[in-house]
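Grab a pencil and let's work through some exercises on disulfides. Try each task yourself before you read the solution.

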Amino acid sequence: MLSRVAISLAAVCFLASAQDTYDTIYNDIGSLPCVRLLNATGYVGCQSMTAASGVLYRADTLEDINQFANDGGLRNKYTVVIPYWLLSSSNVDILKTSKKLAAILAVVNGTDPAHAISARPTNVISPDTTCPNCEFGLYANTPNQYQWNPTGSGLLFEQFDFPIYALNTMDTRNTMSYASVMQAANRNRDKGYRDYPLKSLQFHSFMWGAQDTGACLRKGWCTPVGGASVWSTPSTNISYTDEKPIVVITAAMDSRSLFHDLTLGVESSVAGMVTVLAVAEALSRSTIPLDTMSKHIVYTLFTGEAWGFSGSQRFVQDITSSPIQCEKPPTSGSGCAYPFYSDLEFQRLNPAKIEAILEVGQIAGMGGAGGNPTLYAHVDNIQEAASTTLLKQVVQIGANGSTTVPDPTAGIPVQAASSDDVKRGLPPSSSMSFLKSRGNIPTVVLTDFQKQMSALTNHDQDDSWNTPNTFNLIQQAASVISKTAWLQAQGVSDTAAMTPAQTEAIASIQVNAELIQDLLECLSLNYSCSLVDRYLNVTASNIPPTRLPHYSGTLYSQSQPFPIFAWSFLANMTSVKNVTSPTPRVTGCSSKPATVQCNPKEYCVGDQCIVSLTRYHDAYGVGIAMNSNAEYYIKDASKPVWTESTWDPIGLRMFDVTSPGSQIAELMTGLALTLVSSGVIWYSRRFLKKTLKED
């Protein structure tokens, strides 16, 4: 018994000693990694088969990178710390060919003068392709299709067999990590990278996904990229057979960048999402109820758009497949177990009745050619005649002033993108998914560019936007879209012929500028804000602002904060308050759940019981399907099949590396101790055996 206790105490002491030793040697650093994604033909992104490690080496300029590559006196493997804007294919090639590269740390934003926002070059280059997602778009089979992002480097779609991590001072933990790394890199630089001990980083970034999506899904080593889209309508009684036309208002919710944890996407998606939410709020003010109009209004916010328009393509595929033949009902809840659908309410939408699509694309005003901000209305050049009337209406509303009171957006013009007599067609957009199914739907996509997407397209550095331009462009776009949608839903083609009630109603549609500011701040910089708190019943945080990434994530993952907020917000804006309740409004369903409960088919949103036709919709590549055993497989490799690899725990840690001579001495000392220990154990066992025999 005593021997067991002794062994247990020895084990505890050993573990405590081991932890103390680990804490002495290593310093864990907050990590923002580049990870591996897979498609039908291969994979993109970063991974390392083994735990890579390298001495920290600081390179602030291209000259520093070349000096590193040409310095024959550097004998170790190195982790090169560079500003993010130096992370280009050509610079990475220089580092790789030096044969000294172990890993790259890219500083997106830092306090050091070399990493500050003011140090960023003005000629920013998008890391996306020259025409993002165009291989899955409306013109995929069109020869020489227009290149909307001509300066795109394609960095997002390269393969890296070594770790690439980011540093960004976006919160307390990452600021501390940045400070530790830079202090260590500066110390190494002061020593000339030769005076040992030197500070080094070790990276763990092993990804299980290999080959391509097909092989990865078969082995269970990856998950479809995607999440949940959201659709909502004020017409709670909408049905497939009601014969009423539909006006769709849409935008994307997600973006992409090299570092998913830094995917902000203010230019790529956040501004469009904010605009659609502001439109829903403005239209909810109409003195003529929206559900009584001659056409339905349907809001859609799609997830997975950055990855082959996965959200919109699946939504269109599903609504055009109605009615769904459910072979295996779910064990609980709604939807269908096989073929799998988490919800079947989309069958109430008749795609043949979609009569107009109004989409908001890039409108943050950060990538234009300079000068005064302008909104451009794009239409499909193949079916241009179908959109002529809608285009004229959008431009006219923008030109005439979309509000009845003075506001800072009054000077922002709206003009046809083809006003220069060049027919480029639609830029990459969710509307393409609808038009691929039915090409004659009148469609307008509103953006802040005419010829070329922002250089910040799917960039990690769109965190310093032009605040006045961004707010004003969103407000003008929301005003134009809301009034155009209202006129379309009312069936009004000539505003001069409107009735007094209609004139009063359209005048009541005023965009809330304060709401736009709150939404933009909350959805890009501080998700723990009071606006989110009101809708999701979470306590606003007193810690520094919580910035959440706009990478879509993986299907059915727990981190889907933006669809959750979008669902709650749209549900409230399109809701019928307490239709079955005797009192005009029931409140307290979240603050007083023990005493206040909502009726069946009501939802508790913002502490109120509401009835709303707002639903989530699965968003993942339409080339992927699920079989009866709930296993994913590739159904059509020509369509989006993006997946994300599973991985071992990812992280990096700092330690001191000694000189090669010291390392040899340490090795010899260790071997000597091992031999001595083995001899002591051998002698002790022989001595004890002999002693016990004599007893």
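**Exercises on the cysteine links**

The link of C34 and C46 is right-handed, with 85 degrees about the S-S bond. This is a predicted model, where local features need pLDDT of at least 70, side-chain atom pairs count only at pLDDT 80 or more, and totals for chains, interfaces and linings use all residues. Residues are numbered from 1 along each chain as its sequence is written, and side-chain values use heavy atoms, leaving out hydrogens and water.

**Exercise 1.** Find out how many disulfides a search of the whole structure gives.

*Solution.* Start with the rule: a disulfide is a pair of cysteine sulfur atoms within 2.5 Å. Now search the whole structure, and you get seven.

**Exercise 2.** Work out where C34 and C46 sit in the chain, and whether they are buried or exposed.

*Solution.* First, check the bond: S to S is 2.0 Å. Next, place the partners: C34 is in the loop between β2 (32–33) and β3 (36–38), while C46 is in strand β4 (residues 43–46), 12 residues apart. Strands here are DSSP runs (E, at least two residues), numbered from the N terminus. Last, both C34 and C46 are buried (under 20% relative accessible area, with exposed over 50% and partly exposed in between; 1.4 Å probe, protein chains only).

**Exercise 3.** Explain what the disulfide of C589 and C604 ties together.

*Solution.* Begin with the S to S distance, 2.0 Å. C589 lies in the loop between β19 (576–577) and β20 (603–605) and C604 in strand β20, so the pair ties together parts 15 residues apart in sequence. Finish with accessibility: C589 is buried at 10% relative accessible area, whereas C604 is partly exposed at 32%.

Methods: Helix = DSSP H or I, 4+ residues; strand = E, 2+ residues; numbered from the N terminus.
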